[in-house]
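User: I am new to this structure and would like a close look at a single part of it, namely the sheet and whatever is bound around it. Please take me through it slowly, in one connected account.

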Amino acid sequence: MTIETLTIRRPDDWHLHLRDGDMLRAVLPASASQYGRAIVMPNLKPPVTTVEAALAYRQRIRDALPGDSAFTPMMTCYLCDDTDPGEIRAGFECGAFAAAKLYPAGATTHSEYGVTSVDRTAGVLATMQDIGMPLLIHGESTDPAVDVFDREAAFLRTTLTQILTRYPRLKVVLEHITTEEAADFVMRDESGRLAATITPQHLMFNRNAMFTGGIRPHYYCLPVLKREQHRLALRRAATSGSHAFFLGTDSAPHDTDAKESACGCAGIFSAPIALQAYLTVFEEEQALHHFEKFASENGARFYGVPLNEGTVTFHRIPTRVTGSIDLPDGRRIQTFLAGETLPWTLA
Ligand code: DOR
Ligand code: ZN
């Protein structure tokens with residue numbers, strides 16, 4: 001049966017890049033108007049590595065919100081080799097940090113201060129395990145000998161397995177999974193302490209999208225899009241009803257000059273349209289009955305926060321995706337699926 005409207009509990013975005021300054025002010029309304037909360041990534045320049053920096057960044061986000069907004073930014077700490085376990089504990093206990101993010105050094109945008117080896121973060125990970133603080137992982141091997149399309153699978157076999165074995169009670173979110181190996185890895189975990197976010201682009205496109213008729217920088221993100229077999233596995237995982245998978249857009253704005261360049265930045269700005277994109281996928285998979293769990297319940301349960309009050313309603317009215325958002329200095333940020341039409345409109 002085809003439904004014309006769908007109402008679900010207000011969702012959260014468990015993986016979001018908001019940036020800072022003019023870009024923050026330009027992109028924040030799209031997330032704040034749709035989601036109750038978001039896990040805000042700390043890869044600013046310089047990265048958010050201290051309680052003080054997280055509180056100041058949270059205040060800048062709050063200052064950029066419309067007056068009537070109830071949106072809650074949940075802040076994260078960027079882990080470095082020399083992160084002090086005391087800072088992690090203090091930040092989590094006072095509510096400044098909801099989680100900490102592990103970027104393997106060199107894996108992605110602004111990851112140069114990231115972790116060079118898990119051994120260097122032993123004290124931090126032990127503390128996080130003790131206090132129940134989630135570790136959010138960009139799961140890609142940085143070994144230059146590993147093919148770019150194999151980096152996630154390699155990371156699972158080496159680093160992730162090591163972390164999970166050494167810290168058997170540590171809560172871990174494998175962020176923006178892109179492969180069948182990762183979906184299976186998370187699905188096989190029976191402890192309930194391992195989860196994964198999945199982006200709209202990895203559910204909708206395989207790697208051909210980056211090369212259709214020429215090189216298409218607006219489909220480039222990290223981890224990079226993979227083969228069709230992986231996209232199909234991610235769709236099965238996301239729509240399965242499993243508690244271990246939840247919405248995390250990884251919406252990552254860069255201006256068009258930075259994207260459309262000889263060395264273009266990784267990142268897809270999906271915040272304005274991600275919900276309708278996910279919904280389209282769930283409908284195509286005949287799994288509308290699992291959409292609310294993925295968008296509005298599984299993440300909150302994993303993080304141990306209450307489900308949002310309030311709802312959002314979708315209508316079966318086609319939405320043509322707006323091309324871009326303008327910055328005050330004339331730069332533009334191109335939106336994921338710009339110019340395409342999706343079958344649903346958010347009321
Ligand atoms: O595509 C990506 N963009 N992947 C990341 O891991 C970082 C992000 C960004 O900050 O632009
Ligand atoms: Zn990200």
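Analyst: Two strands are taken as paired if DSSP finds at least two bridges between them, and this rule underlies what follows about a model that is predicted.

The sheet to begin with is an open one of eight strands, ordered S2-S3-S4-S5-S6-S7-S8-S9 and paired in the parallel sense. S2 and S9 stand at its edges with a single partner strand each, so one side of each has no neighbour in the sheet. On average, and with direction ignored, neighbouring strands here are turned by 30° against each other. One pairing shows the arrangement in detail: strand S5, residues 99–102, and strand S6, residues 135–137, run parallel and are joined by three bridges, and within this pair Lys101 of S5 stands opposite Leu136 in S6. Helix H6, residues 180–188, packs on the sheet and touches strand S7 (172–174), strand S8 (194–198) and S9, while its direction makes about 145° with that of S8.

The edge strands also lead to the metal site. The zinc ion, ligand 2, has as its protein donors His15 (NE2), His17 (NE2) and Asp250 (OD), which lie 2.0 to 2.1 Å from the ion, and along the sequence these donor residues follow the spacing H-x1-H-x232-D. Distant parts of the chain are linked in this way, since His15 belongs to strand S2 (residues 13–16), whereas Asp250 sits 235 residues apart from it, in the loop between strand S9 (245–247) and helix H9 (256–259). Asp250 stands out for its backbone as well: although it is not a glycine, it has a positive phi of about 55°. As background, most residues other than glycine have a negative phi, and most peptide bonds are trans.

His17, a zinc donor, also connects this site to ligand 1, for one of its polar side-chain atoms lies 3.4 Å from an oxygen atom of that ligand. His138 makes a contact of this kind at 3.2 Å, and for His254 an N or O atom of the side chain is 2.8 Å from an oxygen atom of ligand 1. On its own, ligand 1 has 290 Å² of accessible area, and the protein covers 99% of it. There are 13 residues around ligand 1, and those that come nearest are Arg19, Asn43, Thr108, Leu222 and His254.

Leu222, one of those nearest residues, takes part in a cis peptide bond, which runs from Leu222 to Pro223 with omega near -5°; Pro223 itself is placed in the loop between helix H7 (200–204) and helix H8 (228–238). Another cis peptide bond joins Lys45 and Pro46, with omega about -5°, and here Pro46 lies in the loop between strand S3 (37–40) and helix H2 (51–64).

For contrast, there is also an open sheet of three strands, in the order S1-S10-S15, in which the pairing is antiparallel. Strand S1 (5–9) and strand S15 (345–346) form its edges and have a single partner strand each, so one side of each is left without a neighbour in that sheet. S1 and strand S10 (residues 311–315) are joined by five bridges, and Leu6 stands opposite Phe314 in S10. Helix H11, residues 288–303, lies across S1 and S10 and runs at about 35° to S1.

Key: Residues numbered from 1 in each chain as written. Chains lettered and ligands numbered in written order. Predicted model: local features only at pLDDT ≥ 70, side-chain atom pairs only at ≥ 80, totals over all residues. Heavy atoms only, no water. Helix = DSSP H or I, 4+ residues; strand = E, 2+ residues; numbered from the N terminus. Contact = heavy atoms within 4.5 Å. Axes fitted to C-alpha atoms, helices over the stretch in contact; angles between N-to-C directions. Near = heavy atom within 4 Å. Polar contact = N/O pair within 3.5 Å; in protein donor to acceptor, adjacent residues only side chain to side chain. Areas by Shrake-Rupley, 256 points an atom, 1.4 Å probe, with all protein chains shown as cover. Donors = N, O, S within 2.8 Å, 3.2 Å for Na, K, Ca; no water.
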